[in-house]
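Biologist: Hi! I'm new to this one and would love a quick tour. Could you put it up on the screen?

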Amino acid sequence: MKIYLLRRVLAVIPVMLVVATVTFLLIHLAPGDPASIIAGPDAAPGDVARLRHNLGLDEPLPAQLLRWYGRLLRGDLGDSIFLRRPVLEAVQERLEPTLLLTTWATLIAVLLGVPAGIISARYHNTAIDQSFMGLALLGLSVPNFLLGLLMILVFGVWLRWLPVAGYVPLDMGLWPNARSLLMPSVSLGLVQSALIARITRSSMLDVLREQYILASRAKGLSERVVVYKHALKNAIIPTLTVIGITFAILVGGAVVIETVFNIPGLGRLIISAVLRRDYPVIQGVVLLIAVTYTLINLMVDLVYLTLDPRIRYQ
Amino acid sequence: MNRIPFSYRLGMVALVLFALASPASAQETPRMGGVLKVASIGEPPTLDIPMSTATLVYEIMWHVNESLFTYDKGFNPVPLLAESYTVTDKGLKYTINLRRAVKFHNGKEMSSADVVPSLKRWGRVASVGRVLWKYVESVDAKDPYTVVISMKQPSTSLIYGLSEAHAAVYPKESIEAAGDGQLKEFIGTGPYRFVEHRPDRHIKLARFKDYSARAEPANGFGGKRTAYFDEILFLTVPETAVRLAGVETGEYHHAMFIKQDSYERIKSLPALESRIVKPRGWAVAVLNHKSPVMGQKKIRQAFQAALDMEPIMVAGFGAREFYRLDPSLFFPEQPWHSTASAKLYNQHDKDKARRLLKEAGYAAQPLRWVTTREYEFMYKNSLVAKQQLEEVGFTVDLQVVDWATLNNRTEKPELWEVFSTGFVFSADPANHVALRCTFQGWWCNEEKERLLAELQGENDVKKRKAIIERIQTVFYEDVGSVKLGDYFTLDAARRELRGDFRTAPRLYFWNSWLAR
């Protein structure tokens with residue numbers, strides 16, 4: 001087990017190396033650079049070139065890449081060109097909104113999706129099943145930014161129950177914080193809840209057809225015990241994978257929702273970094289997201305172990 | 001004669017008294033206090049004004065940093081930090097007297113020891129500053145309140161340049177600390193002082209208690225400036241719909257750049273008022289004079305002849321309130337407006353265009369037109385123009401890229417023939433981007449350069465106007481670039497926001513206050 005863990009953790013290193021190199025090359029291949037953004041639309045090409053030199057962006061690409069590797073080895077993600085502070089510090093500051101947003105959204109997705117999936121499976125081919133799955137299909141089809149804008153219109157502008165946008169940090173109180181995150185988390189989580197509901201339903205249906213379920217029913221166990229104790233435990237494994245992926249997808253989806261709801265999280269950081277070609281920030285954040293992705297996958301694999309004793313990692 | 005009943009008269013008196021006490025008359029008295037929340041379109045690329053040509057940087061930071069001069073209502077330079085100035089030696093020596101007892105936000109008094117390094121840095125890093133610095137021999141402090149600028153040759157653009165927000169005055173310590181790079185602290189003399197910048201959240205300014213305002217009444221950007229708000233928050237709200245929703249619910253008091261198609265909606269909401277920023281700029285198709293195709297005058301003339309501006313501008317800006325078909329290089333709101341060569345603007349003469357193309361021997365070489373959706377009007381303008389150009393025989397390869405890519409690509413003459421942009425308001429007729437030989441497009445015309453040099457040395461308003469008319473004629477005959485039309489943008493504000501903030505083309509919040 002320990003060897004397995006060590007191997008998985010070590011496997012992260014080559015993945016990171018590939019991610020680092022590809023990100024670096026991709027963003028440097030994209031036209032436009034920070035100098036022309038700082039200098040603004042009416043600047044003469046000469047002014048931009050001078051600024052480019054001051055920022056060290058006129059060095060050959062391989063030299064810049066080597067410098068970036070060197071810094072990475074020292075655990076230094078570099079300094080943001082626009083924010084003029086270390087990338088890590090900027091990321092730390094943006095972590096709170098994104099983590100809270102994705103946690104709330106995942107929670108909403110799970111709390112809505114899993115029960116909906118179970119109930120649909122239990123009442124397979126009934127009106128309940130069909131209406132739940134119809135809703136799920138609708139949920140999957142509506143883009144989250146559209147849902148977000150509609151919610152702003154209804155709950156922010158018409159009913160005035162919630163603020164239209166903006167983020168209240170956690171240290172200003174739990175309730176104001178939760179209030180500012182309610183609409184964004186629902187619009188982010190609803191789509192994923194639909195996915196989770198569909199996966200849970202189909203995997204529940206598979207398990208409910210197993211012979212051991214038939215045996216438990218034959219033993220005279222109540223339907224409640226059969227479904228929630230015996231079937232659910234086995235059916236939940238594929239759902240768990242999806243929940244793990246969901247969390248990771250939500251970090252990506254947060255990019256859009258954070259822009260719509262004006263939340264200063266990691267998503268916004270990366271979007272503004274891309275638009276103004278803030279190379280160190282793009283590279284740093286993509287790398288950190290890749291690490292998070294890999295670690296979440298590892299964690300999901302480890303949770304399988306506790307849920308299904310048959311699974312053994314060598 | 002009928003007697004008016006007493007009760008009726010009483011009612012009339014009560015009505016008059018009510019009207020006098022109503023908020024409509026109370027609004028005339030500015031109120032101190034409150035936090036103004038402004039929803040801005042995005043993060044400014046820097047807060048160091050001289051470093052950038054982006055309007056957003058000026059609109060935020062000119063509350064903090066002031067320049068020696070600024071513009072009055074008619075866009076003529078007027079002193080701001082300067083008290084007065086004289087020009088002697090046939091335009092070769094500018095003696096600028098500074099105002100006394102003007103304090104920086106750090107408590108230090110502003111003197112020529114701060115102004116001289118500020119101007120030198122401006123001449124080194126600011127785009128316009130660098131252009132003008134080629135005329136400057138030296139800048140010296142004659143005494144603590146006098147700065148002398150000696151010129152190599154006369155330039156009427158100097159005072160215009162010094163009136164721009166980017167010619168801001170900083171304490172000499174800030175400039176020394178910045179070295180060759182960007183400023184590390186933002187200290188100025190403005191009515192508001194810089195408090196903090198939390199990227200993607202807000203930029204916070206607070207009232208500067210020791211602000212020394214000018215005595216004259218406010219006039220354009222000049223005259224007396226009063227900071228009525230305790231604080232101003234410039235909030236970053238990139239999503240247009242959210243900016244409008246926020247100003248509607250009262251979360252923001254002012255929202256920049258609302259889509260023009262929301263105009264009717266804003267008009268229908270009693271709590272809001274629309275602010276049409278007029279003039280803002282002109283939409284333009286810049287032609288690459290270094291390209292083998294666009295380098296040919298006849299092809300440029302065919303391009304100019306083919307276009308029908310009305311549908312192009314309607315596509316870009318929608319309602320009539322937001323565009324104007326006008327041939328002039330300068331806006332009707334400016335003293336330099338002219339109709340010279342107006343017949344060459346908006347010709348939509350397809351036969352002429354076809355004939356010119358034939359004469360030029362145009363062999364359907366594709367015109368690479370670089371445009372962007374980041375400014376939706378640029379994309380829509382180019383889409384309609386492409387169709388019109390193809391009708392007369394042009395082959396247009398529309399390349400839609402992001403703004404950063406557009407800026408980068410257009411620096412390289414081998415990569416494009418046409419690109420979309422907007423030329424924002426320029427007060428100085430001799431330094432308009434459209435006329436700069438160094439700007440992408442590289443329109444370097446001998447006659448135009450000669451006239452520009454003449455304009456630099458001419459102080460008489462009438463003669464200046466005549467030179468500008470001749471420049472405009474050259475612009476149309478040689479087709480420097482193709483002006484599509486004037487455009488205006490839309491901001492939305494809550495009705496409780498009162499005062500001077502509506503002054504176009506740039507936004508400012510001194511002399512504005514919150515009622516209630």
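Modeller: Sure. Keep in mind that this is a predicted model. Let's begin with A:Thr200, which sits in helix α8 (residues 174–208) of chain A.

Biologist: Okay, is A:Thr200 buried or exposed?

Modeller: A:Thr200 counts as buried, because it has 27 C-beta neighbours inside 10 Å, and the cut-off for buried is 20 or more.

Biologist: Which residues is A:Thr200 in contact with, leaving aside its neighbours within four places in sequence?

Modeller: A:Gly113, A:Val114, A:Gly117 and A:Ile118 are among them, and A:Ala235 and A:Thr239 are in contact with A:Thr200 as well.

Biologist: And how far apart in space are A:Thr200 and A:Ala121?

Modeller: Their C-alpha atoms are 8.2 Å apart, while in sequence the two residues are 79 apart.

Biologist: Let's zoom out. How many helices and strands are there in chain A?

Modeller: Chain A has 12 helices and zero strands. Its C-alpha atoms fill a box of roughly 85 × 60 × 35 Å along the principal axes.

Biologist: How much of chain A counts as buried?

Modeller: The figure is 40% of the 314 residues of chain A. As for contacts in chain A between residues at least 6 apart in sequence, 73% of them join residues at least 24 apart.

Biologist: Can you show me a pair of helices in chain A?

Modeller: Happily. Take helix α10 (residues 223–260) and helix α11 (residues 266–275) of chain A, whose axes come within 7 Å and cross at roughly 90°. The two helices α10(A) and α11(A) are therefore roughly perpendicular to each other.

Biologist: Which residues make that contact?

Modeller: From α10(A) there are A:Ala254, A:Val255, A:Glu258 and A:Thr259, and from α11(A) there are A:Leu266, A:Gly267, A:Arg268, A:Ile270 and A:Ile271. By type, the residues of this contact of α10(A) with α11(A) are five nonpolar, two polar and two charged.

Biologist: Now for chain B. What does a helix pair look like there?

Modeller: Try helix α11 (residues 309–317) and helix α13 (residues 376–391) of chain B: their axes come within 8 Å and cross at roughly 150°. That makes α11(B) and α13(B) roughly antiparallel to each other, because angles over 145 degrees count that way. The crossing of α11(B) past α13(B) is right-handed.

Biologist: And who takes part on each side?

Modeller: On α11(B), the contact uses B:Pro311, B:Ile312, B:Ala315, B:Gly316 and B:Phe317. On α13(B), the partners are B:Phe377, B:Lys380, B:Asn381, B:Leu383, B:Val384 and B:Ala385. In the contact of α11(B) with α13(B), eight residues are nonpolar, two are polar and one is charged.

Biologist: How many residues does the contact take from chain A and from chain B?

Modeller: It takes 38 residues from chain A and 35 residues from chain B. On the chain B side, the elements giving two or more residues are α5 (127–133), α8 (240–249) and α14 (403–409). The largest share, six residues, comes from α8(B). The side of chain B that touches chain A has 12 nonpolar, 13 polar and 10 charged residues.

Biologist: Last topic, confidence. What is the mean pLDDT of chain B?

Modeller: The mean is 91, and 95% of the residues of chain B reach 70 or more. Over residues 13–27 of chain B, though, pLDDT stays under 50, and the model has four contacts beyond four places in sequence for that stretch.

Biologist: And what does the model score for ipTM and pTM?

Modeller: Its ipTM is 0.73 and its pTM is 0.82.

How values were computed: Residues are numbered from 1 along each chain as its sequence is written. Chains are lettered from A and ligands numbered from 1 in the order in which they are written. This is a predicted model: local features need pLDDT of at least 70, side-chain atom pairs count only at pLDDT 80 or more; totals for chains, interfaces and linings use all residues. Helices (H or I, at least four residues) and strands (E, at least two) are DSSP runs, numbered from the N terminus. A residue is buried if 20 or more other C-beta atoms lie within 10 Å of its own, exposed if 12 or fewer, and partly exposed in between; C-beta atoms are placed from the backbone. Two residues are in contact if their C-beta atoms, placed from the backbone, lie within 7 Å. Ala, Val, Leu, Ile, Met, Phe, Trp, Tyr, Cys and Pro count as nonpolar, Asp, Glu, Lys and Arg as charged, and the others, Gly among them, as polar. Axes are lines fitted to C-alpha atoms, for helices over the stretch in contact, and angles run from 0 to 180 degrees between N-to-C directions. Angles under 35 degrees count as roughly parallel, over 145 as roughly antiparallel, 65 to 115 as roughly perpendicular and the rest as oblique. A crossing is left-handed if the near helix is turned anticlockwise from the far one by less than a right angle, and right-handed if clockwise. pLDDT is the predictor's confidence in each residue, from 0 to 100.
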